[in-house]
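Visitor: Could you take me through one part of this structure in detail? I would like to look closely at a single helix and its surroundings.

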Amino acid sequence: METLKKVAVIGLGNIGKAIANDLIKNNHEVIVASRNSEEASNFAEQSGGLAQSMSIKEAINTVDLVIPAIWFGSFKDFFNDYGNILKGKTIIDVSNPIAPDGNGGFKKIIGERESAGELNKAILPEGSKLVKAFGTLGAGTLAGASNGSPEKSVLFYASDDMEVNHDVEEVIKNAGFDPLRVGGIDQSIRIEVFGDLHEFGALGKTVNLTEAKSKL
C-alpha cells in the first residue's frame with residue numbers, strides 16, 4: 001500500500017480549516033501550524049488523532065507538502081522567514097490576490113493579467129516547487145462539496161513540475177475531490193478568483209470531471 005505524503009497546513013483561517021478537515025474526513029493525517037499555537041493545538045485535539053499540531057518551523061521540517069493557507073500578501077514574508085527550510089518541499093499555493101472593495105465584494109489587487117501563482121513562483125525559495133491548487137473554490141464549498149456523490153467535484157490545479165503531480169493529485173483526492181491539471185503555473189490566472197475556471201469567476205459553480213474537461 002502506498003504511503004501517503006505528509007502534509008502541513010500552515011494557517012487556520014477558513015480555507016486552512018476547510019482543507020485540514022477535508023483531509024481528516026478521509027483519514028489523511030495532517031500537521032497543522034499557526035502563529036496562534038493554541039489555535040493549532042485545539043484544532044488537533046478535536047481531530048480524533050488525525051491532526052497533529054506543531055510550530056511552523058517543525059511542521060515544514062516534518063512534511064513533504066506544505067500548504068500555506070495565508071493571504072497572498074503574506075507569501076513574501078513567509079518565504080523570507082522559512083526559505084532556508086523550504087528547500088526540497090512542494091508548496092501548494094491556495095492564495096487569491098483579492099481584497100475587500102468597500103462595497104461588500106472583492107477586488108483584484110494585482111494587474112488584470114497577473115496571477116498570484118506566477119508572482120509567488122517568481123519569489124519562490126531556491127530548491128522548492130510551487131503548485132497552484134485548492135484556491136479554485138471558496139472555503140464554504142471546500143467544506144461542503146468534499147466527497148460529493150454520485151460524482152465528485154473537481155479541484156483544478158496548475159503545475160510546472162510534472163514529477164510532483166502524482167503527490168498533489170493524491171492530496172486532492174484525499175480531500176474528497178477529483179483533480180484536474182489545467183497546465184503550468186502560467187495558467188494560474190484561470191483558477192484564481194475572477195478566472196474562467198474559478199467558482200467566483202466565469203465558471204460560477206462546482207463541476208464534475210466530465211464538465212470540467214469540456215472547459216479546458
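Guide: Happily; what follows is a close look at helix H2 and then at the pockets beside its neighbours. Please keep in mind that this is a predicted model.

Helix H2 spans residues 37-45, and its buried residues are Ala 40, Phe 43 and Ala 44. Why do these residues sit on the same side of H2? They cover an arc of only 95° around the axis, which puts them on one and the same side. The general rule behind such a pattern is that an α-helix has 3.6 residues a turn, so residues three or four places apart point the same way. On the other side of H2 you will find Glu 38 and Glu 45, both exposed.

Now turn to the partners. The buried residues of H2 pack against helix H1 (14-25), and also against strands E2 (30-33) and E3 (51-53). At the start of H2, Asn 36 places a side-chain oxygen within 3.2 Å of the backbone nitrogen of Glu 38.

These partners also take part in pockets. E2 and E3 each supply at least two lining residues to the second largest pocket, which has a volume of about 190 Å³. Its lining counts 14 residues, and Lys 6, Glu 29, Val 30, Ile 31 and Gln 52 lie nearest the centre. By class, that lining has 7 nonpolar, 4 polar and 3 charged residues.

H1, for its part, supplies at least two residues to the lining of the largest pocket, as does helix H4 (75-82). The volume of the largest pocket is about 990 Å³. Of its 33 lining residues, Gly 13, Ala 69, Ile 70, Trp 71 and Phe 72 are the closest to its centre.

Methods:
Residues numbered from 1 in each chain as written. Predicted model: local features only at pLDDT ≥ 70, side-chain atom pairs only at ≥ 80, totals over all residues. Heavy atoms only, no water. Buried < 20%, exposed > 50% of the residue type's maximum accessible area, 1.4 Å probe, protein only. Helix = DSSP H or I, 4+ residues; strand = E, 2+ residues; numbered from the N terminus. Arc of directions from axis to C-beta. Contact = heavy atoms within 4.5 Å. Polar contact = N/O pair within 3.5 Å; in protein donor to acceptor, adjacent residues only side chain to side chain. 1 Å grid on protein atoms, 1.4 Å probe; cavity = no way out; pocket = protein on both sides within 12 Å on 5 of 7 lines; lining within 4 Å. Points joined across faces, edges and corners; volume = space filled by probe spheres on them. Nonpolar A, V, L, I, M, F, W, Y, C, P; charged D, E, K, R; others polar.
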